[in-house]
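Here are some short exercises to work through with the model open beside you. Try each task before reading its solution.

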Amino acid sequence: MSTRVSSLPGRPNLLLGAYDLATLGYGAEEFVVSGTAGSYATDDSADYTTRIVLCRPTDDAAFNGTVIVEWLNVSGGIDAPAVWFMAHREIARAGYAYVAVSAQHVGVEGGDNLIGVDMSLKAQDLQRYSRLVHPGDQYSFDIYSQIGGLIRDGAVTGLKAESILAVGESQSAMFLTTYVNEVDRDAHIFDGFLVHSRFGPAAPLAGGSALEESRPAPFSDDLRVPVLSVITETDLVDGHLLGYHHARRPDDERLRVWEIPGTAHADNYTIRVGFIDNGAVPVADLVAAYAPTNELMGTSLSYCINFAPQHHYVLQAAVASLNHWVRTGEPAPSANPISLTEGDNPVLMLDEHEVARGGVRTPWADVPIARTSGLAPDESPMSFLFGSGEMFDDDQVRRLYPGGVSEYLERFTEALDRAIEAGFIVAADRAEILDIAAASFPRA
């Protein structure tokens, strides 16, 4: 039975931000996709009906020829567009078309998740989504392939896609790891993969919880197309889940892994800045949203969650680098791994400022005014994902930067320009980053 796609009029149920998409020059449409999917683990097949959401430039001439296809994240019990949320400024600025895919059972039908609350599509709006049917995650890989095929054929966007990038974060990254290793060689749908914040394991091909897997799954050594993986400190070391360090392997002609010091799996951008960041927000409002907070999803923690900006800005560079790699053949830059101690249970090697050594160097790591980490105590169901952060006290700031804000900005700018030259930050973000840095420096 062929895959079918039809429009679903009305407002899509997908939290893209608190701003109007029109301020980005984008619009959103929702579609229903139906077909029969196979399982790559068995010979079984099952009918499915799921939904996708298309965000595209309202001016067709602004489309850059690349479609980003996100495997929506369901770890919190809701379809979450995690990569869009963290990198939408670059997505809109460069003119990508973006398609969000409800690929997993939990997002459509409900089921186990970290929050313990059912926020599936059917739970939120049964009338709108009553015809959706997801037969289980063992079929999600083929569902994702079929939707990618529709996009390649122009059946969703109506635009000619010159390249298609598969992206996913967290649990979705674990599913994409399995897709890259087990499915892609046969499917031949996507031109590149952005695997964002995976842990050591990969999702089971036969269905079941990716969050309960305990075997490391390195990327295959015979990748078909470019794969760029962005790893935070939370993902790297052992915690609730097996750390990515167990799955490390060297970069090669089709693999780049960027490990970012000072970053957490989620942070202030995830829950505060990203909601308002449409490119027109005053710098003072961005700085206020980045400011340290101990509030997390209704819980007051005994410490502040991670508030470092580098995760957001480096991920935007990853989107740009992967697209450039796919379109031109010029590989994304390589980075050293974050330094870990030796032994069976390695931990981060820290410098004199308690910032991790190695990895993708950014001005927040090399010219710090705060210590930020991917590690945190367990004080709420998801707090371990949000890391921790603490501003340096006034005495430490004065010792580091005796010349005050002018010295800080001079050194910060030099480090920022090194990161841009290396390809780990997009040049278009330079002015905003410097404005935020100037406004964030503590004043006596």
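**Exercise 1.** At what angle do helix α13 and helix α14 pack, and how far apart are their axes?

*Solution.* A word on the material: this is a predicted model, where local features need pLDDT of at least 70 and side-chain atom pairs count only at pLDDT 80 or more, while totals for chains, interfaces and linings use all residues. Residues are numbered from 1 along each chain as its sequence is written, and side-chain values use heavy atoms, with hydrogens and water left out.

Step 1: find α13 at residues 404–422 and α14 at residues 430–440; helices (H or I, at least four residues) and strands (E, at least two) are DSSP runs numbered from the N terminus.

Step 2: the angle is about 150 degrees, with the axes 10 Å apart; axes are lines fitted to C-alpha atoms over the stretch in contact, and angles run from 0 to 180 degrees between N-to-C directions.

Step 3: α13 is therefore roughly antiparallel to α14, a term for angles over 145 degrees.

Step 4: list the contact (heavy atoms within 4.5 Å). Among its residues are Tyr408 and Phe412 of α13 and Ile433 and Leu434 of α14.

**Exercise 2.** Describe the surroundings of strand β9.

*Solution.* Step 1: in β9, residues 255–260, 6 of 6 residues are buried, meaning under 20% relative accessible area with a 1.4 Å probe, protein chains only.

Step 2: Leu255, Val257 and Glu259 point one way, and Arg256, Trp258 and Ile260 the other.

Step 3: β8 (residues 227–232) runs parallel to β9, joined to it by 6 bridges. Thr232 stands opposite Ile260.

Note on methods:
Buried < 20%, exposed > 50% of the residue type's maximum accessible area, 1.4 Å probe, protein only. Pairing = 2+ DSSP bridges. Parallel < 35°, antiparallel > 145°, perpendicular 65-115°, else oblique.
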